[in-house]
Amino acid sequence: MPFEVQDLSGTFSVGDIAIALSLSFLLSAFIAWVYRFTHRNVSYSQSYVQTLVILGMLIALIMLVVGSNIARAFALVGALSVVRFRNAIKETRDVVFIFLVMGVGMAAGTRFYTLAVVAAVAISLIILVMYRFNWFAANVQRQVVKVQVPPDGNYTDNIQDVLITLTSEFELVSIESIRGGALTELMYTVRLKKGTEPGELITKLGERTGGQRVTVLTGYDQTDL
């Protein structure tokens, strides 16, 4: 008779524990690799990827502990509700991967092994296909322009004259008083006309702002006057 572990929700064998944790580890590691392979921005975090693997195994463990015991499930929810996370998720797709490893961990922990494997592989393949063929990409390049001007004077019209000349479209996003009211910072989102360089936009705006600071943000690159 195989060695068994008895808990309040029923009986599961050591083999069940080994399979659930091993499978959740392998599938979570595979999902983490897919995340690393398809990640494009500079916000990549090794700690986050390692957390994905650990989270998948942890969810599988939790599902083994809870089993079919409703009272224990509610007790677990109450215990976890006191946990507060300070780190903000940098990208929406990061949340998707968290839910994916949680789903796989839940399936492995409840011993739906086939479901865990099929779901992890199928969803990961979809992610890889979308990455490979660049699905839903919008061929729109926008820049963020920050212009600091004195609070008095007709600087807004002068700035807009430059933007009308050098951009195909622009939108005023925010107006903020900075340095104790000594300056006003205007933030625009713009789309440069074809052949226009950010440096040219900075130069023209600098001529209209009384020598105050002008910043153009293009993706993660920053050019300052």
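**Exercise 1.** Determine which side chain makes a polar contact with the side chain of Asp 16, and establish where Asp 16 lies.

*Solution.* Step 1. A polar contact is a pair of N or O atoms within 3.5 Å; within protein, one must be able to donate a hydrogen and the other to accept it, and residues adjacent in sequence count only if both atoms are side-chain atoms. By this criterion, the side chain of Asp 16 makes a polar contact with that of Arg 111, at 3.4 Å. The model is predicted: local features need pLDDT of at least 70 and side-chain atom pairs count only at pLDDT 80 or more, whereas totals for chains, interfaces and linings use all residues. Residues are numbered from 1 along each chain as its sequence is written, and side-chain values use heavy atoms, with hydrogens and water left out.

Step 2. Helices (H or I, at least four residues) and strands (E, at least two) are DSSP runs, numbered from the N terminus. Asp 16 belongs to helix H1, residues 14-38.

Step 3. Contact means heavy atoms within 4.5 Å. Not counting residues up to four places away in sequence, Asp 16 touches Arg 111 and Tyr 113.

**Exercise 2.** State how many salt bridges a search of the whole structure finds, and describe each pair.

*Solution.* Step 1. A salt bridge requires a side-chain nitrogen of Lys or Arg within 4 Å of a carboxyl oxygen of Asp or Glu. Side chains of opposite charge can pair when their charged atoms come close. The search finds two salt bridges.

Step 2. One joins Asp 16 and Arg 111, whose closest N and O atoms are 3.4 Å apart. Because Asp 16 lies in helix H1 and Arg 111 in the loop between helix H4 (92-109) and H5, the pair ties together parts that are 95 residues apart in sequence.

Step 3. Buried means under 20% relative accessible area, exposed over 50%, and partly exposed in between (1.4 Å probe, protein chains only). Asp 16 is buried, at 19%, whereas Arg 111 is partly exposed, at 37%.

Step 4. Glu 169 and Arg 191 also meet in a salt bridge, at 3.7 Å from N to O. This pair links distant parts of the chain, with Glu 169 in strand S4 (residues 167-178) and Arg 191 in strand S5 (residues 183-192), 22 residues apart. Glu 169 is partly exposed at 34%, and Arg 191 is partly exposed at 30%.

**Exercise 3.** Examine the phi angles of Arg 111 and Asn 134.

*Solution.* Step 1. Most residues other than glycine have a negative phi. Arg 111, although not a glycine, has a positive phi of about 65°.

Step 2. Asn 134 is not a glycine either, and has a positive phi of about 55°. Asn 134 is placed in the loop between H5 and strand S3 (143-149), and is partly exposed with 38% relative accessibility.

**Exercise 4.** Identify the residues that form a nonpolar patch on the surface.

*Solution.* Step 1. Patches are made of residues with over 30% relative accessible area and no salt bridge; like charges are joined within 9 Å, nonpolar side chains (Val, Leu, Ile, Met, Phe, Trp, Tyr) within 5 Å. Accessible areas come from the Shrake-Rupley method with a 1.4 Å probe; for residues, only the protein chains shown count as cover.

Step 2. The patch consists of Ile 126, Val 129, Met 130, Phe 133, Trp 135 and Phe 136, with about 650 Å² of accessible area together. Met 130 lies in helix H5, residues 113-133, and is partly exposed at 31%.
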